[in-house]
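Subject: Structure for you to look at

Dear colleague,

I am handing over the structure we spoke of, with the sequence alongside. Please open it first, and then read on with it in view.

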Amino acid sequence: MRAVVVEGPNAVSYREVQAPVVGVGDVLVQSRAAGLCRTDIEMMTGVFTDPRWVRFPVIPGHEWAGTVVEVGANVASVDVGDRVVCEGMLVCHRCPACRRGETQWCERIEALGFTRPGGYAELVAVPEQAVHRLPAHVSFDAGVLVEPASVVLRGLEKARPQTGEAFGVIGVGTLGALAIALLRLHSPSRLVAYGVREEELELAQQLGATEVVVAGDGTPAAAELDLVVETAGAAVAVTLATRLCRPGGRAVLLGIAGEGRTLTLPSDLLVSEDLTLIGSIAYPASTWSRVVGLVCDRVLDLDPIVTHRFPMSDFEEAVALMDDRRGIVAKIVLEHATT
């Protein structure tokens, strides 16, 4: 079989690799589509090499979906031919964090696409517990987006958006687009998208934003929003989030600016404005299951967020597009050839 393999920083190729061995509790999935994430690019370029999370050589692909082609002897929940989406994080369900329901902090965590081969391979062996069936009406594109949607939903769950509140989203990449789609489910009085490019604001309107604003010098100092979701991953975006909140409002920070970046806020800001800053990363298995349910029940439509597709063999072109961001770019999907 073939796969994109990251041998180490700046050493990436699409080549033949050995097919995985299927254990008695494993499901062998033919990967059909996998999302390109900024973290994947950071592994390829050497920006992200933390040995706790990355084991070179690695086959990326933590956002992916496919079809079951083989099941282990002890597998009972899925069958050959089932369409499935697979959780990115494989956890023990026994350690203190798992018992608290915080599986994203599992002491024995493994991660598809980081410490184990992911969906950039044609075939992936996955423990049964991480495999979720998809009904026929759910596309593989939607399956790809379950993982990043889980990241966003976890942040929103911590912020507890209420029906009729005014929301803002800063940045309209993948996470920002997903935030707009999820916040729409709460019937907001306003849903304002802030971006730096006209193209991303056009996408925000297509997804349901009621207002769009080009962030910059003309951004209003106070928009009196109840909840602001920051997805841009920049210190200036965090500052903007605090300015847009009403007194007593909440800001959810999902963007990652990178190590070494500094943020300066007035020391009394949170107290004087009664603001709540909520940081959030990853998601527990329970949040993943809720996203799958929303998609399968036709409550959440993720298909419009996929803006580009490339054959897996053309992964370099996909990476170049994400870096260049010409036109409307939200989620880029890499597809395996089917026979």
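What follows is a short account of what was found in it, beginning with the packing and ending with the aromatic rings.

Please keep in mind throughout that this is a predicted model.

The nonpolar cores

The largest nonpolar core has 59 residues, and those that touch the most other members are Ile-180, Leu-183, Leu-302 and Ile-305. Among the elements that give two or more residues to this core are helix H3 (140-159), helix H4 (174-183), helix H5 (198-207) and strand S11 (190-195), and H3 gives the most, with eleven residues. If you would like one residue to start from, Leu-302 is a convenient choice: leaving aside its neighbours within four places in sequence, it is in contact with Ala-142, Leu-145, Val-146, Leu-178 and Val-295. There is also a second, separate core, made of 42 residues, and Ile-41, Ala-111, Leu-112 and Phe-315 are included in it.

Helix H1

Ile-41 also belongs to helix H1 (residues 38-45), where Asp-40, Ile-41, Met-43 and Met-44 are buried. These four cover an arc of only 155° around the axis, which puts them on the same side of H1. This fits a general point, namely that an α-helix has 3.6 residues a turn, so residues three or four places apart point the same way. The cover over the buried residues of H1 includes strand S1 (2-8), strand S2 (11-16), strand S3 (26-36) and helix H9 (315-324). Just after H1, Gly-46 takes a positive phi of about 90°.

The aromatic rings

The structure holds two aromatic pairs. In one of them, the rings of Phe-48 and Phe-114 have their centres 6.2 Å apart and their planes at 75°, so this pair is edge-to-face. Because Phe-48 lies in the loop between H1 and strand S4 (64-71), while Phe-114 lies in the loop between strand S7 (110-111) and strand S8 (123-127), the pair ties together parts that are 66 residues apart in sequence. Phe-48 is partly exposed, with a relative accessible area of 21%, whereas Phe-114 is buried, at 11%. Tyr-283 and Trp-288 form an aromatic pair that is tilted, with 5.8 Å from centre to centre and 35° between the planes, and both of these residues, Tyr-283 and Trp-288, are buried.

One further ring deserves a look, that of Phe-140, since the charged end of Arg-83 sits over it, 4.5 Å from its centre.

With best wishes

Methods. Residues numbered from 1 in each chain as written. Predicted model: local features only at pLDDT ≥ 70, side-chain atom pairs only at ≥ 80, totals over all residues. Heavy atoms only, no water. Buried < 20%, exposed > 50% of the residue type's maximum accessible area, 1.4 Å probe, protein only. Arc of directions from axis to C-beta. Contact = heavy atoms within 4.5 Å. Core = buried A, V, L, I, M, F, W, Y, C linked by side-chain atoms within 4.5 Å. Phe/Tyr/Trp six-rings, centres within 6.5 Å; stacked < 30°, edge-to-face > 60°. Lys NZ or Arg CZ within 6 Å of the ring centre and 35° of its normal.
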